[in-house]
Amino acid sequence: MKNLAIRPAIATGLLLLFPLVMSTRDRARPAGEGWHWGPLEFVVMGVLLFGAGLACEYFAARAGNRRHRMILGVALICAVLAIWG
């Protein structure tokens, strides 16, 4: 069985690049304006995104058909957005 953690790790890193760039760009703005992510926010979002990606890979590999994989993907996206919000 292939390693299920490679794609979620790459996707998590790529998704966290945007807030990293925006956080370094908006450092001069006052607090409450723009992006001000600290290390803890990056860790929390990294764990959340990586965990969701890993769960998606794990369960999609065991899902029977394409419809079940799509339902799983939508459910995981909704769960991530609900936790993030």
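Helices (H or I, at least four residues) and strands (E, at least two) are taken here as DSSP runs and numbered from the N terminus. The model is predicted: local features need pLDDT of at least 70, side-chain atom pairs count only at pLDDT 80 or more, and totals for chains, interfaces and linings use all residues. Residues are numbered from 1 along each chain as its sequence is written, and side-chain values use heavy atoms, with hydrogens and water left out.

**Helices α1 and α2**

The expected span of a helix is 1.5 Å times one less than its number of residues. The table sets this value beside the distance between the end C-alpha atoms.

| Helix | Residues in helix | Expected span | End C-alpha distance |
|---|---|---|---|
| α1 | 20 residues | 28 Å | 29 Å |
| α2 | 24 residues | 34 Å | 35 Å |

The two values agree for α1, and they agree for α2. Helix α1 nevertheless has a kink of about 25 degrees at L17, shortly before the proline P19; the bend at a residue is the angle between axes fitted to the seven residues ending there and the seven starting there.

**Burial and packing**

A residue is buried under 20% relative accessible area, exposed over 50% and partly exposed in between (1.4 Å probe, protein chains only). In α1, the buried residues are P8, T12, L16, P19, M22 and S23, and they pack against α2. In α2, F42, M45, G46, L48, L49, A52 and E57 are buried; these residues pack against both α1 and α3. Contact means heavy atoms within 4.5 Å.

One residue from each helix illustrates this packing. L16, in helix α1, counts as buried because its relative accessibility is 15%. Not counting residues up to four places away in sequence, L16 touches W37, F42, M45, G46 and L49. The C-alpha atoms of L16 and F42 are separated by 7.4 Å, although the two residues are 26 residues apart along the chain.

L54 lies in helix α2 and, at 31% relative accessibility, counts as partly exposed. Leaving aside neighbours within four places in sequence, L54 is in contact with L4, A5 and P8. L54 and I6 are 48 residues apart in sequence, with 9.0 Å between their C-alpha atoms.

**The largest pocket**

On a 1 Å grid over the protein atoms alone, a pocket is an open set of points where a 1.4 Å probe fits, with protein on both sides within 12 Å along at least five of seven lines; lining residues have an atom within 4 Å of a point. The largest pocket holds about 430 Å³ of space. Its lining comprises 20 residues, of which L15, L49, A52, I77 and V80 are the closest to the pocket centre. Helices α1 (6–25), α2 (39–62) and α3 (66–84) each supply at least two lining residues, and the largest share, 7 residues, comes from α1. By class, the lining has 15 nonpolar, 3 polar and 2 charged residues. Ala, Val, Leu, Ile, Met, Phe, Trp, Tyr, Cys and Pro count as nonpolar, Asp, Glu, Lys and Arg as charged, and the others, Gly among them, as polar.

Conventions:
Grid points are joined across faces, edges and corners, and a volume is the space filled by probe spheres set on the points.
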